[in-house]
Amino acid sequence: MSAPIVPASAIGPATGVPAGTRFTVCPFTGRRLDEVALSLTRWNAVTSIVALLVGAIAAVLIVLTRWQAVHLLPAVWFYRILGVHGMSMLIFFIIFFEMAVLHFTSTALLNARNVAPKTSWFAYGLMLLGALMVEYLMWAGKADVLFTSYVPLRAHPLFYLGVILFAVGALIVTGVFFANLAIAKRERTYEGSMPLVVYGAMTAAIIAAITLVHGAMIYIPTFLWSLGLMEVDPQVYRLLWWALGHSSQQINVAAMVAIWYMLGALTVGAVVLNEKISRSAFVLYILFISLASAHHLLVDPGMGSAWKIVNTSYFMYMAVLASLLHGFTVPAGMELGMRLRGYTNGMFDWLRRAPWGDPGFSSLVLSIVVFGFIGGITGVTIGTEQINIIVHNTLRSPGHFHATVVSGTAMAFMGLTYYLIPLVFRKKVALWSLAKLQPYIFAGGMVIFTISMTFAGTFGVPRRHWDISFSQAPFDVAFSPAVDMFLALVALGGVTAATGAFIFIAIAVKSVFFGEALGEVVPLSNMRGVPQGLTHPPKHSADVDERWERMHGPEAGWMGPAPGTLVLVFVFLAAFMLYFFVNWKVLSFVWRIG
Amino acid sequence: MHIDIHTGLDSPKGNWWKPAHRSEKTWVVIAFAWCMVLFAMMPLWHWKGGQNPSGIRRRVEPAAFYKRTLEFTNQYKVGDDRGMPIVAPPPGADIYLTAMAFQWTPILKLQKGKEYILHLSSLDVNHGFSLYPININFQVVPGYDYGLRVTPNAAGDFRIICNEFCGIGHHTMVGRVIVEDSSTAPVAAAAGDLQ
Ligand SMILES: [Cu+2]
């Protein structure tokens with residue numbers, strides 16, 4: 001049951017709220033919620049999940065084609081569906097969801113309002129129109145250029161126009177986000193600095209603005225080129241396209257980390273260990289991450305080594321440093337949050353006694369682990385100028401980014417959705433027993449999928465390739481039988497993960513459209529369909545100040561307030577070092593190249 | 001003394017620019033040091049290592065590059081396989097490999113342990129040079145000549161797989177490279193040059 005609509009004047013100390021703006025009070029937190037912002041959040045989230053459905057169906061068709069024993073689709077449809085998969089997942093699913101996050105964080109977390117409802121809806125309409133144009137042209141076979149659409153491969157001009165409309169819509173939403181922040185500040189809807197989660201969302205929005213400008217720089221000329229009005233240099237296209245293509249993944253990283261902090265707080269009462277470190281790490285993303293896109297061009301003819309090293313080392317590694325910092329502060333904040341609630345025994349008791357049955361929590365942990373251990377380690381390694389020689393355009397590349405974007409970002413989105421369903425849609429989570437299992441099914445599938453893909457890639461199996469039996473090629477190529485096994489595992493993992501995605505979609509759709517209204521939430525009771533973080537709000541123990549003091553004091557030892565996390569990050573670092581140097585060793589066996 | 005403990009959902013109270021605990025600082029320092037190791041490896045490998053993708057890079061008209069490839073092919077042609085010329089250039093030569101949808105031309109015959117300057121370019125769209133089974137990969141971009149010094153370190157019959165989507169026939173785009181061990185095989189005697 002949605003809370004009654006309360007006139008703005010009746011709520012709290014906020015000032016300067018114009019008459020006619022409609023608010024409700026959140027039944028869990030007592031925060032003031034703007035109905036317009038909630039509506040925008042709902043519509044963007046629902047659209048995002050529809051795109052996820054399209055992308056996940058495409059995923060199943062693709063893995064069943066790459067598994068040579070099944071080889072489902074004919075070549076034309078394989079490449080077409082591969083394009084559909086990339087655009088639906090990386091662009092439409094993820095960006096619509098990020099728009100929902102921007103609408104939500106800039107209002108609900110600041111007790112603030114959406115300052116431009118009409119503009120926001122217009123932007124949503126523009127994004128939807130662009131997305132539908134792109135989808136139609138891809139399915140109609142008028143844009144068989146795959147996700148990257150490298151010039152001079154040519155698609156129908158409306159394909160490029162659709163992308164431009166979508167990007168303009170997204171750019172407008174980022175503008176509204178900043179306006180919401182500015183007005184909230186002016187209207188003093190919150191005290192002091194903005195919360196860390198909003199700060200993270202702002203980081204994502206800033207990177208989004210930079211990225212979308214690059215998008216305009218490349219898609220507008222390409223649109224004109226497709227109409228025959230100008231020339232576009234293929235290497236310049238690759239450079240600018242990746243300034244869009246990779247930076248857009250950095251929006252995802254920033255949004256994902258912001259969601260990590262949010263889910264940590266909601267599920268286990270995670271504290272911010274040190275605001276200075278966490279916020280500085282977000283600033284590092286803004287400063288350096290957009291410049292790091294060069295790692296897609298490491299074995300391109302257009303740029304020299306100095307350019308490649310500068311862009312992928314100083315710049316990328318400062319962004320990597322930011323991720324290494326969040327990789328410590330997020331779990332450490334969770335550990336300390338648990339300890340402050342009384343789970344203080346030993347090194348890992350806090351982890352053992354965490355709410356593993358809360359899908360928001362399990363999604364969060366699995367997102368951090370798969371993103372860090374598989375996505376992060378492989379990504380930094382293959383983004384090295386020389387190691388890229390043995391990686392470029394092999395299956396190792398999608399193996400990496402399915403661990404980051406799909407296992408990391410998408411899982412963070414899924415985990416957050418389990419909380420948005422009660423908080424924003426005011427419904428119980430449907431199919432509750434399945435919901436508890438879903439993160440494990442999805443993550444398990446993705447782990448098998450990404451690792452198998454990475455191994456297949458080390459044999460040189462190309463990405464974006466219909467038939468590695470090369471039946472119609474002039475010269476025979478025979479991959480090792482191990483490759484067949486890895487591709488079968490890719491299919492197994494892929495179908496498992498897709499099953500996890502379908503379960504998620506079923507849960508979301510059933511909850512939102514046919515779900516049971518939330519009704520009254522009884523604290524400390526077990527309610528089906530309500531995540532544990534809401535029924536058992538994580539409250540720190542009464543003597544929290546003394547505990548905090550003690551855990552930071554000398555008696556805690558040099559390992560400080562989060563010793564368990566410190567052990568975990570050193571395990572991570574050891575795995576990282578091992579993988580990195582093994583790759584140099586493998587590289588040294590190939591021909592001399594200079 | 002009251003300490004503000006809060007989550008990322010709340011505004012930090014007062015001055016939040018507080019020093020971090022020693023354990024956090026330790027991780028920051030170690031993480032930074034590791035990033036510097038990652039950085040140092042790239043320049044270091046240029047200096048001490050043998051595999052670097054730098055090469056000689058210049059713009060080239062696709063037609064001009066193809067003309068150069070045909071001249072090179074005619075100069076050193078030693079036979080053919082399924083209508084595709086086999087070309088055996090002398091060690092140290094500039095060798096030309098053209099990519100086009102959906103073939104690589106010509107077939108190269110090289111000698112183990114000898115250095116060549118391999119020029120890669122495309123006549124139409126982006127292609128991907130992937131040497132099978134060694135797993136060496138380069139991007140081939142139309143309008144650009146990528147000249148790489150390469151030294152085969154083992155004899156064998158290799159394939160060049162296109163690993164950049166270049167159109168519907170992409171998966172049939174396979175070329176061939178033959179590497180002979182000059183110490184065991186009859187010496188080709190850098191034939192073309194001596195005449
Ligand atoms: Cu190709």
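Biologist: At what angle do the axes of α2(A) and α6(A) cross, and within what distance of each other do they come?
Modeller: In this predicted model, the axes of α2(A) and α6(A) cross at roughly 45° and come within 11 Å; an axis here is a line fitted to C-alpha atoms over the stretch in contact, with angles from 0 to 180 degrees between N-to-C directions.

Biologist: Why are α2(A) and α6(A) called oblique to each other?
Modeller: Angles under 35 degrees count as roughly parallel, over 145 as roughly antiparallel, 65 to 115 as roughly perpendicular and the rest as oblique; a crossing of roughly 45° falls in none of the named ranges, and α2(A) and α6(A) are therefore oblique.

Biologist: Which residues of α2(A) and α6(A) meet, and how do they divide by type?
Modeller: With contact taken as heavy atoms within 4.5 Å, L90(A), I94(A), E98(A), V101(A), F104(A) and T105(A) of α2(A) touch Q249(A), I251(A), N252(A), A255(A), I259(A) and M262(A) of α6(A). These residues comprise 8 nonpolar, 3 polar and 1 charged, where Ala, Val, Leu, Ile, Met, Phe, Trp, Tyr, Cys and Pro are nonpolar, Asp, Glu, Lys and Arg charged, and the others, Gly among them, polar.

Biologist: What makes α2(A) and α3(A) roughly antiparallel?
Modeller: Their angle is about 170°, with the axes 10 Å apart, and since that angle lies beyond the antiparallel limit, α2(A) and α3(A) are therefore roughly antiparallel. The contact draws on many side chains, among them W77(A), F92(A) and F96(A) of α2(A) and Y124(A), L128(A) and W139(A) of α3(A), and its residues divide into 15 nonpolar, 4 polar and 2 charged.

Biologist: Why are α6(A), residues 234–268, and α10(A), residues 359–382, described as oblique?
Modeller: The two helices pack at about 140° with axes 9 Å apart, an angle outside the parallel, antiparallel and perpendicular ranges, and α6(A) and α10(A) are therefore oblique. Residues of the contact include V253(A), W260(A) and L263(A) of α6(A), and F361(A), L364(A) and F371(A) of α10(A), and the contact as a whole holds 9 nonpolar, 4 polar and no charged residues.

Biologist: How do you know which atoms coordinate the copper ion?
Modeller: Donors are N, O and S atoms within 2.8 Å of the metal (3.2 Å for Na, K and Ca), and water is not among the atoms, so sites may look incomplete. The copper ion has C162(B) (SG), E164(B) (O), C166(B) (SG) and H170(B) (ND1) at 2.1 to 2.6 Å, and along the chain these donors follow the spacing C-x1-E-x1-C-x3-H.

Biologist: Why is the arrangement around the copper ion called irregular?
Modeller: Four donors are tetrahedral if all angles lie between 85 and 135 degrees; four are square planar and six octahedral if opposite donors are over 155 degrees apart and all others between 65 and 115; anything else is irregular. The 4 donor atoms subtend 84 to 132°, which makes the arrangement irregular.

Biologist: What makes the bonds before F102(B) and P106(B) cis, and where do these residues lie?
Modeller: Omega is near 0° from A101(B) to F102(B) and near -5° from T105(B) to P106(B). F102(B) lies in the loop between β4 and β5 of chain B, while P106(B) is in the loop between β5 and β6.

Biologist: What phi values do H71(A) and N111(A) have?
Modeller: Phi is about 45° in H71(A), in the loop between α1 and α2 of chain A, and near 60° in N111(A), in the loop between α2 and α3. Most residues other than glycine have a negative phi.

Definitions and conventions
Residues are numbered from 1 along each chain as its sequence is written. Chains are lettered from A and ligands numbered from 1 in the order in which they are written. This is a predicted model: local features need pLDDT of at least 70, side-chain atom pairs count only at pLDDT 80 or more; totals for chains, interfaces and linings use all residues. Side-chain values use heavy atoms; hydrogens and water are left out. Helices (H or I, at least four residues) and strands (E, at least two) are DSSP runs, numbered from the N terminus.
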